[in-house]
Amino acid sequence: MSMWKKATGITLTAVMALSLAACAGGAKSGDGAKQGSQPAASPVEQIKARGKLMVGVKYDLNLFGLKDPATGKVEGFDIDLSKAIAKKIFGDENKIELKEVTSKTRIPMLKNGEIDMIVATMTITEDRKKEIDFSDVYFMAGQSLLVKKDSKINGLADLPKGAKVVTAKGSTSAANIREKAPGAQVLEFENYAEAFTALKAGQGDALTTDNALLYGMAKQDPNYRVVSETFTEEPYGIGMRKNEDELVKLVNSVIQDMKANGEYDKLYEKWIGEKPKK
């Protein structure tokens, strides 16, 4: 009997020791969980902590985002809008870093964290919505054609079979022109500056993208004109990473406030040269 009691005592001691160890481990785990429960900083908080807003913009599009090679300054509609967002976050529009993007690189740069948002004449599409989130529409454009001033092309119907149409890689313009003018040859370049250079060098009969961008090119070189016909609607939005709802809400508030207080109309007239259509 004494041996049984002794064995039982040893067993109970072992069980108690294991229970204490488990409790100790549980307390430790609980402490860790408590520490891990600290909420991660929101995108807006992270931007504030960094001290600057990083925005992907175009460097090659007159009126929207064009870099002056002499001064290194980038100017345009998208730049001024980006500064308004920086001012909303920091109270200072200069707390901003502009990074060059192209139609092809802008979404990858956003997704890998090189930039906080894309403000680069980007059309809101259902396919793009699968990858990123968008702000409200901040500019409504329509795709058109840029041609030589003496060209007989005044719309898609005037494009001869086999006509060469130049545009930028990764843009919706390339897909649209293939659909709307299946008989045309579409030549894609890295950006619109290269596409415009190719057009001027005689490598294409027309250049296609949104009319707002084409007006900028025609302003640069009066030997070219924008045809009056538009064959798509291109709603521009500001791109942000998925599930950054607070940042999307902040950006939308900037757009809404600018439209309500008249600042948007002033910005539109400054760069486009006319009042926005209501």
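This is a walk through a predicted model of one protein chain, from its overall make-up to its strands, helices and hollow spaces.

Let us begin with the chain as a whole. The protein chain holds ten helices and 15 strands. It has 278 residues, and 46% of them count as buried. If you look at contacts with a separation of 6 or more, 68% of them join residues 24 or more positions apart. As for the outside, the accessible surface comes to about 14900 Å². Carbon and sulfur atoms hold 52% of that surface.

A good place to enter the fold is strand E12, residues 206-210. All five of the five residues of E12 are buried, so this strand is largely enclosed by the rest of the structure. E12 also has strand partners that you can trace in the model. One is strand E9, residues 143-148, which runs antiparallel to E12 and is joined to it by four bridges. Within that pairing, Leu145 has Thr208 of E12 as its bridge partner. Another is strand E10, residues 164-168, which pairs with E12 in the parallel sense over two bridges. Here Val165 finds its bridge partner in Ala206 of E12.

Now turn to helix H7, which spans residues 192-200 and contains Ala195. Is Ala195 buried or exposed? Its relative accessibility is 0%, and because buried means under 20%, Ala195 counts as buried. Which residues does Ala195 touch, once those up to four places away in sequence are set aside? They are Val166, Thr167, Phe189 and Leu207. Thr167 deserves a second look: 28 residues separate it from Ala195 in sequence, yet the two C-alpha atoms are 5.6 Å apart in space.

Elsewhere in the chain there is an open sheet of three strands, ordered E2-E3-E4, with antiparallel pairing. Its edge strands are E2 (60-61) and E4 (74-75), each of which pairs on one side only. Strand E3, residues 65-67, meets E4 in the antiparallel sense over two bridges. To find this pairing in the model, look for Lys67, which stands opposite Val74 in E4.

Next come the hollow spaces, starting with the closed kind. The count comes to one cavity of 30 Å³ or more. The space in this largest cavity is about 80 Å³. Of the 13 residues that line it, Arg106, Thr121, Ser171, Tyr192 and Asp210 are the closest to its centre. Two elements give two or more residues to the lining of the largest cavity: helix H6 (172-180) and strand E12, which we met above. By class, that lining divides into two nonpolar, seven polar and four charged residues.

The open spaces are the pockets, and the largest pocket has a volume of about 560 Å³. Its lining is made of 22 residues, and those nearest its centre are Phe139, Met140, Ala141, Tyr268 and Lys277. At least two lining residues come from each of strand E8 (139-141), helix H8 (211-220) and helix H10 (263-272). Which element supplies the largest share of this lining? That is H10, with four residues. In the lining of the largest pocket there are eleven nonpolar, four polar and seven charged residues.

Helix H8 is worth a short detour. Seven of the ten residues of H8 are buried, so this helix is largely enclosed by the rest of the structure. The buried residues of H8 are Asn211, Ala212, Leu213, Leu214, Gly216, Met217 and Ala218.

Last on the tour is the second largest pocket, which holds about 360 Å³ of space. It is lined by 14 residues, with Asp80, Ala84, Glu93, Met258 and Glu263 the closest to its centre. The elements that give two or more residues to this lining are helix H3 (77-90), helix H9 (245-261) and H10. H3 gives the most, with five residues. By class, the lining of the second largest pocket has four nonpolar, one polar and nine charged residues. H10 therefore takes you from one pocket to the other as you turn the model: H10 supplies at least two residues to the lining of the largest pocket, and two or more to that of the second largest pocket.

How values were computed
Residues numbered from 1 in each chain as written. Predicted model: local features only at pLDDT ≥ 70, side-chain atom pairs only at ≥ 80, totals over all residues. Heavy atoms only, no water. 1 Å grid on protein atoms, 1.4 Å probe; cavity = no way out; pocket = protein on both sides within 12 Å on 5 of 7 lines; lining within 4 Å. Points joined across faces, edges and corners; volume = space filled by probe spheres on them. Nonpolar A, V, L, I, M, F, W, Y, C, P; charged D, E, K, R; others polar. Buried < 20%, exposed > 50% of the residue type's maximum accessible area, 1.4 Å probe, protein only. Contact = heavy atoms within 4.5 Å. Areas by Shrake-Rupley, 256 points an atom, 1.4 Å probe, with all protein chains shown as cover. Pairing = 2+ DSSP bridges.
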